[in-house]
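Visitor: Please take a close look at one part of this model, the stretch at the start of the chain, and explain how it sits against the rest.

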Amino acid sequence: LLFSHLENHDITGPSNVMWGKDDEVREAVSRAREQLGRSFADEALAVAIAELTEAVAQAASMIDKEENVLIPLALETLSATEWTQIAA
């Protein structure tokens, strides 16, 4: 919801980076699911755990970016009307 409103103000940098990171998290989870769909052998489990560990680290990084970059930027940029639209 924030991305589209920020883009209306020609602010696209955080959105583009975060969409990319979101794609990376989904891909890592997908790779883990593929491994577990093939086998529960030690090697497959190790690969799945490594993929999920990476996904969790990337998700935590995204939360940090949201809290320290995206939200402050949105608070500085968006009008009360835009916040009402987002809430709706």
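Guide: A helix here is a DSSP run of H or I with at least four residues, and helices are numbered from the N terminus. By that rule His-5 lies in helix α1, which covers residues 2-7. The model is a predicted one, and what follows applies to that prediction.

Some background on the whole chain helps to place helix α1. The secondary structure comes to four helices and zero strands, in the order α-α-α-α along the sequence. The C-alpha trace spans about 55 × 20 × 20 Å along its principal axes. The radius of gyration is 17 Å, whereas a compact globule of 88 residues would have one near 12 Å. Of the 88 residues, 26% are buried. Among contacts with a separation of 6 or more, 67% are between residues 24 or more positions apart.

Now to helix α1 itself, one residue at a time. Leu-6 lies in this helix. Its relative accessible area is 0%, so Leu-6 counts as buried, the cut-off being under 20%. What does Leu-6 touch, leaving aside its neighbours within four places in sequence? The contacts of Leu-6 are Ile-11, Leu-70, Leu-73, Ala-74, Thr-77 and Leu-78. One of these, Ala-74, is 68 residues away from Leu-6 in sequence, yet the two C-alpha atoms are 6.9 Å apart in space.

His-5 is also buried, because its relative accessibility is 12%. Not counting residues up to four places away in sequence, His-5 touches Leu-78, Glu-82, Gln-85 and Ile-86. Leu-78 thus appears among the contacts of His-5 and among those of Leu-6.

Phe-3 is another residue of helix α1. It is buried, since its relative accessible area is 16%. The count of aromatic pairs in the chain comes to one. That pair is formed by Phe-3 and Trp-19; it is edge-to-face, with 5.2 Å from centre to centre and 70° between the planes. The pair links distant parts of the chain, as Trp-19 is in helix α2 (residues 13-38) and the two partners are 16 residues apart. Trp-19 is partly exposed, because its relative accessible area is 45%.

A contact with helix α3 can be described from the other side. Ile-71 is placed in helix α3, residues 42-77. At 35% relative accessibility, Ile-71 is partly exposed. Leaving aside its neighbours within four places in sequence, Ile-71 is in contact with Leu-2 and Glu-66. Ile-71 and Ile-11 are 60 residues apart in sequence, with 13 Å between their C-alpha atoms.

After the helix comes a loop. Asp-10 lies in the loop between α1 and α2. Is Asp-10 buried or exposed? Asp-10 is exposed, because its relative accessible area is 70%. Most residues other than glycine have a negative phi. The phi of Asp-10, however, is positive, near 60°.

To put the part together: within helix α1, Leu-6 is buried at 0%, His-5 at 12% and Phe-3 at 16%. In the loop that follows, Asp-10 is exposed.

How values were computed. Residues are numbered from 1 along each chain as its sequence is written. This is a predicted model: local features need pLDDT of at least 70, side-chain atom pairs count only at pLDDT 80 or more; totals for chains, interfaces and linings use all residues. Side-chain values use heavy atoms; hydrogens and water are left out. Helices (H or I, at least four residues) and strands (E, at least two) are DSSP runs, numbered from the N terminus. The radius of gyration is taken over C-alpha atoms; the globule rule is 2.2 Å times the number of residues to the power 0.38. Buried means under 20% relative accessible area, exposed over 50%, partly exposed in between (1.4 Å probe, protein chains only). Contact means heavy atoms within 4.5 Å. Rings of Phe, Tyr and Trp (its six-membered ring) pair if their centres lie within 6.5 Å; planes under 30 degrees apart count as stacked, over 60 as edge-to-face and the rest as tilted.
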